[in-house]
Amino acid sequence: MEVRYLYHSAFAVKTPAHLLIFDYYCDTPRGAGFSRGVVDPEEIRGEDTVVFASHSHPDHYSPRIFAWRGTVPKIRYVLSSDIHTRENAARIGPGEEKDLGDLRVRALRSTDQGVAFLVKADGLCIYHAGDLNWWKWGEDTPAEQEEAGRGYREQIDLLRGERIDLAFVPVDPRQGADALLGIDYFMRTVGAARAVPMHAFGRTPFFSILGTDPRTEPYRGRILFYKDRGDLFEA
């Protein structure tokens, strides 16, 4: 697979037969095309494209994605059921599965809003968490923190036994050292051949914590790092 970082939690994944685009919303001009982290529909005209949006938060979804339809003949959309639009798209809610013929999609319940995606296509299994994460905030009460952790662990436990090739998991700098709670539980409980941190609002240098924190030592070699919007790497 080839993976392109588009910004925040947005990535494009090129599999043998598909281009999968997750949680794209930011097309603030930095130059033209994928190399700058901006989806130019002319560039993907010939791709069998599937666009995913995990929930309606504006840092994960923009209705501008539907404008690509006019240029890309083979394009489909898979949206969380909390996104309200009249556009033609497959809808999926927590706990549901969709068979789209050439790919299957399973949805987990987010600990914030919407869903996380487990996508199986071309013999590959790809997980994109959306906002499903072990959120721990200092302003929450101990009871609220425990409930948030329990809800996250319950959802990730549903993936036990899955052989995941590529996982996109939040590592949010706003949580400080607690930013590793979600990815650490995911990698120790389910695991993935390759894991990609996300949800940093461009603050990618923070991800260096994954290379130094003792908790990550057992799976550190499976984490993929990137720096700038538009970066291309292999998984």
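## Pocket, aromatic pairs and buried residues

The largest pocket is lined by Glu2, Val3, Arg4, Ala12, Val13, Lys14, Leu19, Phe34, Glu43, Ile44, Glu47 and Leu232. Two elements, E1 and strand E2 (10–14), each give two or more residues to this lining. The volume of the largest pocket is about 150 Å³. By class, its lining has 7 nonpolar and 5 charged residues, and no polar ones. The model is predicted.

### Aromatic pairs

How many aromatic pairs does the structure hold? There are 17. Two of them are set out below.

| Pair | Centre to centre | Angle between planes | Geometry |
|---|---|---|---|
| Tyr5 and Tyr226 | 4.3 Å | 40 degrees | tilted |
| Phe22 and Phe168 | 6.2 Å | 40 degrees | tilted |

The pair of Tyr5 and Tyr226 links distant parts of the chain, 221 residues apart. Tyr5 sits in strand E1 (residues 2–7). Tyr226 lies in the loop between strand E12 (194–198) and strand E13 (232–234). Both Tyr5 and Tyr226 are buried.

Phe22 and Phe168 also form a pair that links distant parts of the chain. Phe22 belongs to strand E3 (residues 19–22), Phe168 to strand E11 (residues 166–170). In sequence they are 146 residues apart. Phe22 is buried, and Phe168 is buried too.

Both pairs feed into a cluster. Ring pairs join Tyr5, Phe11, Phe22, Phe52, Phe117, Phe168, Phe207, Tyr226 and Phe233.

### Arg106

Arg106 is part of strand E8 (residues 103–109). Is Arg106 buried or exposed? Its relative accessibility is 19%, so Arg106 counts as buried, the cut-off being under 20%. The Arg106 side chain reaches the backbone oxygen of Leu158 at 3.1 Å. Beyond its neighbours within four places in sequence, Arg106 is in contact with Ile92, Glu96, Glu97, Ala116, Phe117, Leu118, Leu158, Leu159 and Glu162. Among these contacts is Phe117, which is a member of the aromatic cluster. Leu158 appears in the contact list and also supplies the backbone oxygen reached by the Arg106 side chain.

### Trp135

Where is Trp135 found? Trp135 lies in the loop between strand E10 (124–128) and helix H1 (142–157). Trp135 counts as buried because its relative accessibility is 9%. Its side chain reaches the backbone oxygen of Asp131 at 2.9 Å. Not counting residues up to four places away in sequence, Trp135 touches Thr111, Asp112, Ala148, Asp172, Gln175 and His199. One of these, Ala148, is 13 residues from Trp135 in sequence. The C-alpha atoms of Trp135 and Ala148 are 6.3 Å apart in space.

### Helix H2

Helix H2 (residues 180–189) is largely enclosed by the rest of the structure, because 9 of its 10 residues are buried. The buried residues in H2 are Leu180, Leu181, Gly182, Ile183, Asp184, Tyr185, Phe186, Met187 and Thr189. What covers them? The cover includes E10, H1, E11 and E12. E11 is the strand that holds Phe168. E10 and H1 flank the loop that carries Trp135. Just after H2, Gly191 takes a positive phi of about 80 degrees.

Methods: Residues numbered from 1 in each chain as written. Predicted model: local features only at pLDDT ≥ 70, side-chain atom pairs only at ≥ 80, totals over all residues. Heavy atoms only, no water. Helix = DSSP H or I, 4+ residues; strand = E, 2+ residues; numbered from the N terminus. Buried < 20%, exposed > 50% of the residue type's maximum accessible area, 1.4 Å probe, protein only. Polar contact = N/O pair within 3.5 Å; in protein donor to acceptor, adjacent residues only side chain to side chain. Contact = heavy atoms within 4.5 Å. Phe/Tyr/Trp six-rings, centres within 6.5 Å; stacked < 30°, edge-to-face > 60°. 1 Å grid on protein atoms, 1.4 Å probe; cavity = no way out; pocket = protein on both sides within 12 Å on 5 of 7 lines; lining within 4 Å. Points joined across faces, edges and corners; volume = space filled by probe spheres on them. Nonpolar A, V, L, I, M, F, W, Y, C, P; charged D, E, K, R; others polar.
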